[in-house]
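Biologist: Hello! Could you show me the model, and then we can talk through its sheet and one of its loops?

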Amino acid sequence: MASRATPSAFYAVTLLMPTGEHTILNPSDWYVWDAAQAAGVILPARCHQGHCLTCAGQIVGSGDFDQVDSRGYFPVDREAQFILLCTARPRSDLRIYTHRQQEMRIHRMSRGLPAPYA
């Protein structure tokens with residue numbers, strides 16, 4: 001949870017999960033996955049390095065996030081609104097479909113990009 005933004009900035013992050021919708025208040029210097037965990041919301045993750053795609057989500061509508069700490073994140077991932085929750089910091093309020101690892105793998109494979117399994 002290294003800091004890259006003003007710690008006093010908070011964003012409403014709504015997680016659209018198979019089990020229901022959860023909105024958390026996410027500090028801008030925390031990864032979405034960590035903020036969810038602190039709020040008692042359990043999300044999938046394996047590597048916590050932005051590589052394995054286990055934590056993949058997909059942005060609904062618009063929103064901005066920092067994915068700079070991911071080991072493997074591509075411009076086409078952002079264009080398709082995919083987000084790796086274990087290494088993404090919000091830069092605006094976000095609505096995110098969670099549990100999108102399979103969709104992100106299919107997206108990656110269709111473009112000849114790495115699509116690792118954990």
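Modeller: Gladly, and please keep in mind that this is a predicted model. Five strands form an open sheet here, and their pairing is mixed. Across the sheet, the strand order is β2-β1-β7-β3-β5.

Biologist: Which strands stand at the edges of the sheet?

Modeller: Look for strands with a single partner, since one side of each is then left without a neighbour in the sheet. That applies to β2 (20-27) and β5 (82-84).

Biologist: What is the average twist from one strand to the next?

Modeller: The twist is taken from strand to strand and then averaged. The value is 35 degrees.

Biologist: Which residue is the bridge partner of Ile59 in β7?

Modeller: Strands β3 (residues 56-59) and β7 (residues 94-97) run antiparallel, and two bridges join them. In β7, the partner of Ile59 is Ile96.

Biologist: What angle does helix α3 make with the direction of β5?

Modeller: Helix α3 (residues 101-109) packs on the sheet, where it touches β3 and β5. Its direction and that of β5 make an angle of about 115 degrees.

Biologist: Now the loop: is Thr87 buried or exposed?

Modeller: Thr87 sits in the loop between β5 and β6 (89-90). Leaving out residues up to four places away in sequence, Thr87 touches several others, including Tyr31, His48 and Asp66. Its relative accessible area is 2%, and the cut-off is under 20%, so Thr87 counts as buried.

Biologist: Which side chain has a polar contact of 2.5 Å with that of Thr87?

Modeller: The side chain of Thr87 has a polar contact of 3.0 Å with that of Gln67. The 2.5 Å contact joins Thr87 to Ser70.

Methods:
Residues are numbered from 1 along each chain as its sequence is written. This is a predicted model: local features need pLDDT of at least 70, side-chain atom pairs count only at pLDDT 80 or more; totals for chains, interfaces and linings use all residues. Side-chain values use heavy atoms; hydrogens and water are left out. Two strands pair if DSSP finds at least two bridges between them. Helices (H or I, at least four residues) and strands (E, at least two) are DSSP runs, numbered from the N terminus. Axes are lines fitted to C-alpha atoms, for helices over the stretch in contact, and angles run from 0 to 180 degrees between N-to-C directions. Contact means heavy atoms within 4.5 Å. Buried means under 20% relative accessible area, exposed over 50%, partly exposed in between (1.4 Å probe, protein chains only). A polar contact is a pair of N or O atoms within 3.5 Å; within protein, one must be able to donate a hydrogen and the other to accept it, and residues adjacent in sequence count only if both atoms are side-chain atoms.
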